[in-house]
Amino acid sequence: MKSFFRSFVLTFFLLLSLCPVLLSQSRSPYADSVKTEFLHAWNGYKHYAWGHDALKPLTKQPRDWYGTSLYMSPVDAFDTMVLMGLKAEAAEAKELILDSLSFNKNIEVQAFEITIRLLGGLLSAYQLDGDKRFLTLAEDLGKRLLPIFNTSNGLPYRYVHLQTGQIRDSVNNPAEIGTLLIEFGTLSKLTGEPVYYDKAKRALVELFKRRSKIGLIGTWLNVETGVWKNPSSHIGGAIDSYYEYLLKAWVLFGDEECKKMYEDYMQPVHQYIADTSEGMLWYGSVNMETGKRNGTVYGSLEAFFPAVLALGGDLERAKRLQESNYSMWNVYGIEPEGFDYKTMKAVNKEYYLRPETIESAYYLWHYTGDEKYRRMGETYFRNLKAYCKTEAGYAYLKDVTTKEKADGMESFFFAETLKYLYLLFAEKGVMSLDEVVFNTEAHPMKMKH
Ligand code: DMJ
């Protein structure tokens, strides 16, 4: 009897200790609710904007970035449908893309946006679905984008004409210069053509060479002269994903030089750009030459940083910063584009349906198994539904303080916002950070192919 009691107690404590592990492997009921909301937004797109880049969710009109469609929403949404198991929708989107998408168009495009959304989306579609036509489209696009690197130092221009290869705008920023390697590198891997990897990698290195004496970079740079046009250094828009890609190029391709550059940047980023207020960790902005603080604004885009820190193994900083992300969200029940962390007030009041704080919650949940990140996700999801849902889809907020809506639904809402929410609530292994590297638009690139 005694031994029966002992084994009962032992089994009980064993199960108790396994609880967090089992919980973090299990599927939350929220996963299906996210799927339902994905379908709501997708059906709105289908009904009112089929074949166009995006849906304007208030006026229920289509929107094309360049006056002709490049099928942004279907390409951005495809891999999310695959991982959610939405087979019929994925088949429909695939047919639309393969029947109608062509890059032989008389338009000039922004290389960064087209790379992260379309090149990234087509490459992940190919890796997940296996249909070679996705890769053919990706290769055609890659070739048309290559002229951006035609400068004496290999630092890319911002715009390129898809038919003529004419390039424009030599004043570029670190994010647009340095967020190309995951896609171009994967294209090299899949086609066996090293040119894509080499050119995108060179841009990262050339940018690194132009950091200041204290190791920081600014916001805008003339790629021809190498002169910085805006010396403000931060982790937000126009810089953000450059850091992300240095780290991810190491994770995906094993590129040690990229890892070293990432580590070299992180030291001054934490030394100068990091700030604290009321005991909370934030990242503001400083002058790249002197390290002198020139701003205390954080925001929706900066909220990506805990995900990168977690991927790089700096879990303590990642957890601390995610607490700040969450408190920024909770001031208005939804986060603003710009937030002064000293006054805890919005300074740019829009919300563009951005994914970054959800992405960070997902990475932290993956690496720690702590259910608290799922609870954060539940708040994010509930508030998104409460404030942004419309009859035809989901809409931006013009003002997070009044919750007044604006007429936009970016394709990254399908690619990222809903994907990271779904992954946060789905059972582990649906698509894991141990097998894929997500590009900055959340398109998964397989580590082994
Ligand atoms: C996306 O296009 C990408 O995540 C990019 O890195 C930043 N902006 C949007 C999402 O906010």
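**Entry 1. A small group of strands**

I looked up strand E7 (residues 220–222) and found it joined to strand E6 by two bridges, with the two running antiparallel. The model is a predicted one, and I read every entry below with that in mind. In this pairing, Asn-172 stands opposite Leu-221 in E7. I then followed the sheet outward: three strands form it, in the order E6-E7-E8, and it is open, with antiparallel pairing. Strand E6 (171–172) and strand E8 (228–230) are at the edges; each has a single partner strand, so one side of each has no neighbour in the sheet. I noted for background that strands of a sheet pair through backbone hydrogen bonds, either parallel or antiparallel.

**Entry 2. Domains**

I turned to the domain assignment of the chain, which gives domain 1 (25–70 + 296–444) and domain 2 (102–260). Their centres, taken over C-alpha atoms, are separated by 24 Å. To the contact, domain 1 gives 24 residues and domain 2 gives 31 residues. How much area is buried between domain 1 and domain 2? I recorded about 2400 Å², with 69% of it given by carbon and sulfur atoms.

**Entry 3. Aromatic pairs**

I recorded 29 aromatic pairs in the structure. I examined Trp-329 and Tyr-351: their ring centres are 6.0 Å apart and the planes stand at 80°, so this pair is edge-to-face. Trp-329 belongs to helix H13 (residues 315–332), while Tyr-351 is in the loop between strand E16 (345–348) and helix H14 (356–368), so the pair ties together parts 22 residues apart in sequence. Trp-329 counts as buried, at 0% relative accessibility, and Tyr-351 counts as buried at 0% relative accessibility.

I next examined Tyr-394 and Phe-413, whose ring centres are 5.0 Å apart with planes at 35°, so I entered the pair as tilted. Tyr-394 is in the loop between helix H15 (372–388) and strand E17 (396–399), and Phe-413 is in helix H16 (residues 412–425), so the pair ties together parts 19 residues apart in sequence. Tyr-394 and Phe-413 are both buried.

Which residues do ring pairs link into a cluster? I listed Phe-38, Trp-42, Tyr-45, Trp-50 and Phe-414.

**Entry 4. Charges over rings**

I also looked up lysines placed over tryptophan rings. The charged end of Lys-259 sits over the ring of Trp-250, at 4.6 Å from its centre. For Lys-428, the charged end sits over the ring of Trp-365, at 5.4 Å from its centre.

**Entry 5. Two single residues**

I located Ser-124 in helix H5 (residues 111–129). Is Ser-124 buried or exposed? Its relative accessible area is 0%, so I entered Ser-124 as buried. Setting aside residues up to four places away in sequence, Ser-124 touches Asp-79, His-443, Pro-444 and Met-445.

I found Tyr-242 in helix H10 (residues 240–253). Tyr-242 is buried, since its relative accessible area is 0%. Apart from its neighbours within four places in sequence, Tyr-242 is in contact with Pro-174, Ala-175, Gly-178, Thr-179, Leu-204, Leu-207, Phe-208, Ile-217 and Tyr-265. I also compared the position of Tyr-242 with that of Ala-41: the two are 201 residues apart in sequence and 30 Å apart in space, C-alpha to C-alpha.

Technical notes:
Residues numbered from 1 in each chain as written. Predicted model: local features only at pLDDT ≥ 70, side-chain atom pairs only at ≥ 80, totals over all residues. Heavy atoms only, no water. Phe/Tyr/Trp six-rings, centres within 6.5 Å; stacked < 30°, edge-to-face > 60°. Helix = DSSP H or I, 4+ residues; strand = E, 2+ residues; numbered from the N terminus. Buried < 20%, exposed > 50% of the residue type's maximum accessible area, 1.4 Å probe, protein only. Lys NZ or Arg CZ within 6 Å of the ring centre and 35° of its normal. Pairing = 2+ DSSP bridges. Domains from an automatic or database assignment. Contact = heavy atoms within 4.5 Å. Buried area = accessible area lost by both parts, 1.4 Å probe.
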